[in-house]
Amino acid sequence: MKLSLALLPLLAGFASARVGGEHQQQERQQHPGVQNDNEVLEQHQMFLDWLANTNKAMYKDEKEMKYRRSVWMENHALIEKHNNQVPKPSYTLGHNEFSDMTHDEFKQLHKLGEYADELKLDAIRSRQSVKPLE
């Protein structure tokens, strides 16, 4: 009986390694630019470092964090693809506080493109609510 209890931590470690391996395989499937487990771990660590450096509030739950990490990794792949072009591009891209947002979320936040009309409506509404000075 003591022998089987001693093996319990070893089996638990094996099970977590297997789950981790399955997770890394899912990451590679979701992000075809990622070649191997080391790249998955490296990019995950880069995401965590970015998260700490941006002083962003934590995400509401694990599901949102996984989604935001996935968006960040897609944006990271775009940054790498652009910066590694031959011939070298005239400008380089990098991460900023918006790196975990989709392009559409960024446009919506800053009222760009199809969301620009909302900005105009907001301006009109604010002018209508302000009474002229007499």
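## An all-helix chain, read element by element

Followed along its sequence, the protein chain shows the pattern α-α-α-α-α, and its secondary structure amounts to 5 helices and 0 strands. The model is a predicted one, and of the 134 residues in the protein chain, 21% count as buried.

### Helix 2 and its two sides

Helix 2 covers residues 37–54, and because each of its 18 residues should add 1.5 Å, a span of 26 Å is expected, which agrees with the 26 Å that separate its end C-alpha atoms. Which residues of helix 2 are buried? They are Val40, Gln43, Phe47, Trp50 and Leu51. When helix 2 is viewed down its axis, these buried residues fall within an arc of 100°, so they line one face of the helix. A general rule helps in reading such a list: an α-helix has 3.6 residues a turn, so residues three or four places apart point the same way. On the other side of helix 2, Asn38, Glu42, Ala52 and Asn53 are exposed.

Both ends of helix 2 deserve attention. At the N-terminal end, Asn36 acts as a cap, with a side-chain oxygen lying 3.0 Å from the backbone nitrogen of Asn38. Just after helix 2, Asn55 takes a positive phi of about 55°.

### Helix 3 and a buried arginine

Helix 3 has 22 residues and reaches 31 Å from its first C-alpha to its last, which is close to the 32 Å expected at 1.5 Å a residue. At its start, a side-chain oxygen of Asp61 comes to within 3.3 Å of the backbone nitrogen of Lys63. The buried residues of helix 3 include Met65, Val71, Trp72 and Ile79, and also Arg68, Arg69 and His76.

Why does Arg69, a residue of helix 3, count as buried? Its relative accessibility is 6%, and since buried means under 20%, Arg69 meets the cut-off. The side chain of Arg69 also makes a polar contact with the side chain of His44, at 3.3 Å.

The table gathers the side-chain distances described so far.

| Side-chain partner | Other partner | Distance |
|---|---|---|
| Asn36, side-chain oxygen | Asn38, backbone nitrogen | 3.0 Å |
| Asp61, side-chain oxygen | Lys63, backbone nitrogen | within 3.3 Å |
| Arg69, side chain | His44, side chain | 3.3 Å |

### Two loops with unusual backbone values

Most residues other than glycine have a negative phi, and most peptide bonds are trans. In the loop between helix 3 and helix 4 lies Pro87, and the peptide bond that joins Val86 and Pro87 is cis, with omega at about 0°. The loop between helix 4 and helix 5 (116–129) holds Lys111, whose phi is near 55°, a positive value in a residue other than glycine. Lys111 is partly exposed, with a relative accessible area of 23%.

### The largest pocket

How much space lies in the largest pocket? The volume is about 330 Å³. The pocket is lined by 13 residues, and those nearest its centre are Asn75, Phe98, Ser99, Met101 and His103. The elements that give two or more residues to this lining are helix 3 (62–83) and helix 4 (103–109), and the largest share, 3 residues, comes from helix 3. Asn75, one of the residues nearest the pocket centre, is also among the buried residues of helix 3. By residue type, the lining divides into 6 nonpolar and 7 polar residues, with no charged ones.

Conventions. Residues numbered from 1 in each chain as written. Predicted model: local features only at pLDDT ≥ 70, side-chain atom pairs only at ≥ 80, totals over all residues. Heavy atoms only, no water. 1 Å grid on protein atoms, 1.4 Å probe; cavity = no way out; pocket = protein on both sides within 12 Å on 5 of 7 lines; lining within 4 Å. Points joined across faces, edges and corners; volume = space filled by probe spheres on them. Helix = DSSP H or I, 4+ residues; strand = E, 2+ residues; numbered from the N terminus. Nonpolar A, V, L, I, M, F, W, Y, C, P; charged D, E, K, R; others polar. Expected span 1.5 Å × (residues − 1). Buried < 20%, exposed > 50% of the residue type's maximum accessible area, 1.4 Å probe, protein only. Arc of directions from axis to C-beta. Polar contact = N/O pair within 3.5 Å; in protein donor to acceptor, adjacent residues only side chain to side chain.
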